[in-house]
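Thank you for sharing this model; my notes follow as numbered points. Please read them with the sequence and the structure side by side.

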Amino acid sequence: MFTTDTWLKIVCSMMINAVIFGVGAILVLSIPALAAHAKVLLPLVVIAAFAAAPFFALVVAPRMRLRNWGRKGWKRGDTISG
């Protein structure tokens, strides 16, 4: 079976993939110059989101584990969570 860290990376990767695709699709469809080439650009957005998501998940997934923060770090927070 997979470790908890691996499962967190997989789940984070799927969520990050959806966000990257959503942002890319909105950009392609809302800019008229890009919307004209949407047939080509939307599949590229899908591929780019699928390729980039695991790398972002490597950064985000460890933040989901309490043991990586410690008691003081959890109370203090960081630049992202405040």
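**Notes on the helices and their packing**

1. Ser13 counts as buried, because its relative accessibility is 16%, and the cut-off for buried is under 20%. Please keep in mind while reading this and the later points that the model is a predicted one.

2. Ser13 belongs to helix H1, and, once its neighbours within four places in sequence are left aside, the residues in contact with Ser13 are Ala53, Pro54 and Ala57. For a first-year reader, it may help to find these residues in the structure before going on.

3. Which residues make up the largest nonpolar core? There are six residues in this core, namely Leu8, Cys12, Ile16, Ala53, Ala57 and Ala61. The elements that contribute two or more residues to this core are H1 and helix H3, which spans 38-60, and H1 gives the most, with three residues. As general background, nonpolar side chains in soluble globular proteins tend to be buried together.

4. Cys12, one of the residues of that core, touches Ala57, Val60, Ala61 and Met64, when residues up to four places away in sequence are not counted.

5. In H3, the buried residues are Ala38, Val45, Ala49, Ala53 and Ala57, and the cover over the buried residues of this helix includes H1 and helix H2, which spans 32-35. At Ala53, H3 bends by about 30°, and a proline, Pro54, follows within four residues.

6. Met15 is also found in helix H1, but Met15 counts as partly exposed, because its relative accessibility is 47%, and partly exposed covers the range between under 20% and over 50%. The C-alpha atoms of Met15 and Ala53 are separated by 8.4 Å, although the two residues are 38 residues apart along the chain.

7. Where on the chain is Met1 found, and is this residue buried or exposed? Met1 is in the segment before helix H1, which spans 4-30, and Met1 is exposed because its relative accessible area is 95%, where the cut-off for exposed is over 50%.

8. Met1 and Met15 both take part in a nonpolar surface patch of about 790 Å², whose other members are Phe2, Trp7, Ile10, Val11 and Met14. I would suggest that the text present this surface patch alongside the nonpolar core of Leu8, Cys12, Ile16, Ala53, Ala57 and Ala61, so that a student can look at each in turn.

Conventions: Residues are numbered from 1 along each chain as its sequence is written. This is a predicted model: local features need pLDDT of at least 70, side-chain atom pairs count only at pLDDT 80 or more; totals for chains, interfaces and linings use all residues. Side-chain values use heavy atoms; hydrogens and water are left out. Patches are made of residues with over 30% relative accessible area and no salt bridge: like charges are joined within 9 Å, nonpolar side chains (Val, Leu, Ile, Met, Phe, Trp, Tyr) within 5 Å. Accessible areas come from the Shrake-Rupley method with a 1.4 Å probe; for residues, only the protein chains shown count as cover. A salt bridge is a side-chain nitrogen of Lys or Arg within 4 Å of a carboxyl oxygen of Asp or Glu. Buried means under 20% relative accessible area, exposed over 50%, partly exposed in between (1.4 Å probe, protein chains only). A nonpolar core is a set of buried Ala, Val, Leu, Ile, Met, Phe, Trp, Tyr and Cys residues joined through side-chain atoms within 4.5 Å. Contact means heavy atoms within 4.5 Å. The bend at a residue is the angle between axes fitted to the seven residues ending there and the seven starting there.
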